[in-house]
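Colleague: I have a model open and would like to learn how to read it. Could we go through it feature by feature?

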Amino acid sequence: MRAWLGRLRRGLTSRADVLEFDGTLDLSRLAVSPLEELRRRSEARGFCDAAGRRIKGAPWGMQLAHPDHSNAWPVVRTIGFQSVNADGLTFLLRRRNSAGGRHRLPVSMVYVEGRYCSGEICEQWRCEGEAFEIGVEDAMQTAPLASFAQMIAAAAVPTHESRSSIRDRDNFLKNVDQVKTRLLRHEKSPDEIALSVVLYKLQPIRAEVLIGGPDFGACERIEWRRKTRGDPSSSWSLPQRILPY
């Protein structure tokens, strides 16, 4: 965490202009791709590098909603970004055998930075689309060790429930430590890791950013849509303003 804070202090001095806001966003300065705009802002905050890969120790998380096979309502959880670039954003989930090896997953996400209070600026991103499974290799370099090891250890527990009780917490903690050690020693292959976790890539069909605070007349809400609606392979239309509510 200290190393990340040091990089943040150094990085903000040269890229802080990306985050400047005086009540109005200049649409001509925004990236054509909303994911590239998100990457630029995340890099300015010290969360990712120029390629959009998560920087070690960076507190870079979002809220993700997706269907749950065992319930009629969706699951909402806080998870970490692994990468963001113009091609898509990636995230990790524990692999669940009961999901039948699902390779595609409809999702919605929201990501917030800042606080909505006087003297400050709040920035909220939203997007939705269908995420698809990709190789887990990249996540081995970006995933936080602690949560990565817990997902792998949890996946080793035989269960068909989305939420399962821990019968022996001490033994589970022991297993987590063993997984951490093996990961640090590079003793787990990508194929072995892929049995426990899934790396998804989301190429949104729509995205928006809402930015502002109580000191401004109204929040700015900017939306990007695919030129062919609903087609994630289509290029992006230019960003446009929409009503804040």
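Modeller: Start with burial: a residue is buried under 20% relative accessible area, exposed over 50% and partly exposed in between, with a 1.4 Å probe and protein chains only. By that rule, 42% of the 245 residues of the protein chain count as buried. This is a predicted model, where local features need pLDDT of at least 70, side-chain atom pairs count only at pLDDT 80 or more, and totals for chains, interfaces and linings use all residues. Residues are numbered from 1 along each chain as its sequence is written, and side-chain values use heavy atoms, with hydrogens and water left out.

Colleague: How many helices and strands does the protein chain have?

Modeller: Helices (H or I, at least four residues) and strands (E, at least two) are DSSP runs, numbered from the N terminus. The protein chain has six helices and nine strands. A contact means heavy atoms within 4.5 Å. Among contacts in the protein chain with a separation of 6 or more, 64% join residues 24 or more positions apart.

Colleague: Take one helix. Which residues of H4 are buried?

Modeller: The general idea comes from helix geometry: an α-helix has 3.6 residues a turn, so residues three or four places apart point the same way. In H4, the buried residues are Phe148, Ala149, Met151, Ile152, Ala153 and Ala154. Their cover includes S3, H3, H5, helix H6 (190-194) and strand S6 (197-202).

Colleague: Why does Ala149 count as buried?

Modeller: Ala149 sits in helix H4 (residues 145-155), and it counts as buried because its relative accessibility is 0%. Beyond residues up to four places away in sequence, Ala149 touches Val176, Val179, Lys180 and Leu183. Ala149 and Ile193 are 44 residues apart in sequence, yet 9.9 Å apart in space, C-alpha to C-alpha.

Colleague: Is a residue in a loop, such as Ser234, buried or exposed?

Modeller: Ser234 is buried, because its relative accessible area is 10%. Ser234 lies in the loop between strand S8 (220-225) and strand S9 (240-241). Apart from neighbours within four places in sequence, Ser234 is in contact with Arg226, Lys227 and Thr228.

Colleague: How many disulfides are there in the whole structure?

Modeller: A disulfide is a covalent bond between the sulfur atoms of two cysteines. The search looks for a pair of cysteine sulfur atoms within 2.5 Å, and over the whole structure it finds zero. Cys219 is in no disulfide, and the nearest cysteine sulfur, that of Cys122, is 7.8 Å away. Cys219 counts as buried at 15% relative accessibility, and Cys48 counts as buried at 2%.

Colleague: What lines the largest pocket?

Modeller: Rolling a probe the size of a water molecule over the atoms shows where empty space is left. On a 1 Å grid over the protein atoms alone, a pocket is an open set of points where a 1.4 Å probe fits, with protein on both sides within 12 Å along at least five of seven lines; lining residues have an atom within 4 Å of a point. The largest pocket is lined by 29 residues, and Arg94, Gln150, Met151, Ala154 and Phe172 lie nearest its centre. Strand S2 (75-85), strand S3 (88-94), H4 and helix H5 (169-184) each supply at least two residues of that lining.

Colleague: And which residues lie nearest the centre of the second largest pocket?

Modeller: They are Met140, Gln141, Ala143, Leu145 and Leu184, in a lining of 18 residues. Helix H3 (139-142), H4 and H5 each give two or more residues to the lining of the second largest pocket.
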